Amino acid sequence: MTEPRGSRVPVRWRIVGWLVLTTLVGLVAVATTVSATLRAEVAEDANADVTQELEEFRDLARDGRDPRTAEPFGSSRALVELFLSRQRPAEGEYLIAQLPDGTVLKNRGPGTVVDGYDLAEDPDAMARTLQGPSGIMETPAGAVRWGKVDLVDGSGQAAGRFVVAIFVDPAEQAADRVVRLLGGVSVVVLVLASLVSWVVAGRILRPLRLMQRDAQRITEDDPGRRLEVHGEDDLADLARTINGLLDRLENAIATEQRFVDGAGFELREPITRSRRELSRVQPRTEEERAAVAAVAHHLEGMEEVLADLRTLARAERPGFLARRTVTSGEIADALRQELPRVADRAWVCTGVDDVSADLDPARLLLAVRQIAENAADHTTAGDRVEWSVRRTEQDGTAHLEVALRDVGPGVDLEHAERLFSRFAHDDDDRTRLGLGLAVVRAVADAHGGSAFVADGRPGAVFGIAVPAKEDA
């Protein structure tokens, strides 16, 4: 199962983004629907107008009387002239009658002549009206929806045709103006939605920010502090759950510390008694002296393991570090005094950069001593071990780095990560590393830095790096 990946975008921006995106999609959908609906209504209204005019014309032709004779119309011309005289065409409406003698009678509303184009004088367009009772055609003045009625005289002979044409561009332009107005309103709505969602998201997330602040105080200042709980909503339930988790965690840490302290005391007592009894032994032979020395060495190793266990247990508790600003020169001076005490090796300084850091010098020196003891375990008396205090860059951040390079057998970098684990072995299982390098990692982690190993064959390079001061 794929693990969900986190996001680098702040939650507030994500909430605003989704709300704005949802609003935008809704507004676009509304604008699209309104535009399509208005254009459909324009087409329906145009068809209805054509149908209405044609029905009125047919009614007049069937039931109308010539006002001059009070008799049915004797000619198509009289019928068309009377009908046209009674009409007041709306915008985009054009009424055209073509008589057999070529006469064209017309009555048009505004918006039917564009740039001098007149539909009645366009032979190609008028020819298309012969192809059926109605249709749609494109003209230089825009799209036209039309319908026609064939004229007949009293004997039933064809006597021309009467055409009703509706130019839909004026109505569509009016619909477009409505859509543009809607678009402008949508932009205003989108801006207001962005501002409102930003404010609302901030108010919703404010309790979480307060919880984050309280959690940071718990980590940095007081392990007994708890999150403040307000109200009875989901966030209050979350705060109570976190407080319960902190209680259990504090109890677990206290239990672990009591166990480590108790176990350390119980183990130190027999070690102390054993060393006391061992001091009373008077070996008489070389073999006995070697045995006594071996036992003393093992007891010393057990004491070191107990000390490392206490260090590892405290490393996970607040107050482990006593930070102050320390310069590379101070660290180098301390190492010149401390390293010769570790073992009889040729400890050679290869460089000290001008760098300072906020750190716990005692803990850092402890970590470097562990690295030095590891180097001593893999070398012999008089071997050269180089050390340095450098300024390095890691992920664009300055670090103070202390590194030691020995001339031992080197390390397999494939197992480098394991070397800093508790009770690990080296790459070929020749030497038990115990807790020494684990202490190095714990000190590095507490400083927000890192412990590292590199292949320096012949030999290996071990070191610790902690963040340096920005003005260093």
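Okay, let's start with the extremes of confidence: strand S7, residues 346-352, has the highest mean pLDDT among the elements of the protein, at 93, and strand S12, residues 432-434, has the lowest, at 48. Over residues 425-433 the pLDDT is below 50, though in the model this stretch still has 23 contacts beyond near neighbours in sequence. This is a predicted model, remember. Where pLDDT is low, the coordinates shouldn't be read in detail. For the protein overall, the average pLDDT is 81, and 81% of the residues score at least 70.

Right, on to salt bridges. How many are there? The count comes to 20. Side chains of opposite charge can pair when their charged atoms come close. I'll walk you through a few.

First up, Arg 58 and Glu 55, whose side chains meet at 3.3 Å, N to O. These two sit three residues apart in helix H1, residues 11-63, so about one helical turn separates them. An α-helix has 3.6 residues a turn, so residues three or four places apart point the same way. As for exposure, Arg 58 is partly exposed, with a relative accessible area of 34%, and Glu 55 is partly exposed too, with 39%.

Next, Arg 68 and Asp 66, in a salt bridge at 3.4 Å, N to O. Which of the two is buried, and which is exposed? Arg 68 counts as exposed, at 65% relative accessibility, while Asp 66 counts as buried, at 7%.

Then there's Lys 106 with Asp 118, a salt bridge at 2.9 Å, N to O. This pair links distant parts of the chain: Lys 106 is in strand S2, residues 104-108, and Asp 118 is twelve residues away, in the loop between S2 and helix H3, 123-128. Lys 106 is partly exposed, with a relative accessible area of 35%, whereas Asp 118, at 9% relative accessibility, counts as buried. And there's a bit extra here: salt bridges with shared partners join Lys 106, Arg 108, Asp 118 and Glu 121 into one network.

Last stop, helix H8, residues 361-377. It has 17 residues and reaches 24 Å from its first C-alpha to its last, close to the 24 Å expected at 1.5 Å a residue. What caps its N-terminal end? That's Asp 360, with a side-chain oxygen 3.1 Å from the backbone nitrogen of Ala 362. Plenty to look at along H8 as well: its buried residues include Leu 364, Val 368, Ile 371 and Ala 375, and among them are also the polar Gln 370 and Asn 374.

Terms used: Residues numbered from 1 in each chain as written. Predicted model: local features only at pLDDT ≥ 70, side-chain atom pairs only at ≥ 80, totals over all residues. Heavy atoms only, no water. Helix = DSSP H or I, 4+ residues; strand = E, 2+ residues; numbered from the N terminus. Expected span 1.5 Å × (residues − 1). Buried < 20%, exposed > 50% of the residue type's maximum accessible area, 1.4 Å probe, protein only. Polar contact = N/O pair within 3.5 Å; in protein donor to acceptor, adjacent residues only side chain to side chain. pLDDT = per-residue confidence, 0-100. Contact = heavy atoms within 4.5 Å. Salt bridge = Lys/Arg side-chain N within 4 Å of Asp/Glu carboxyl O.
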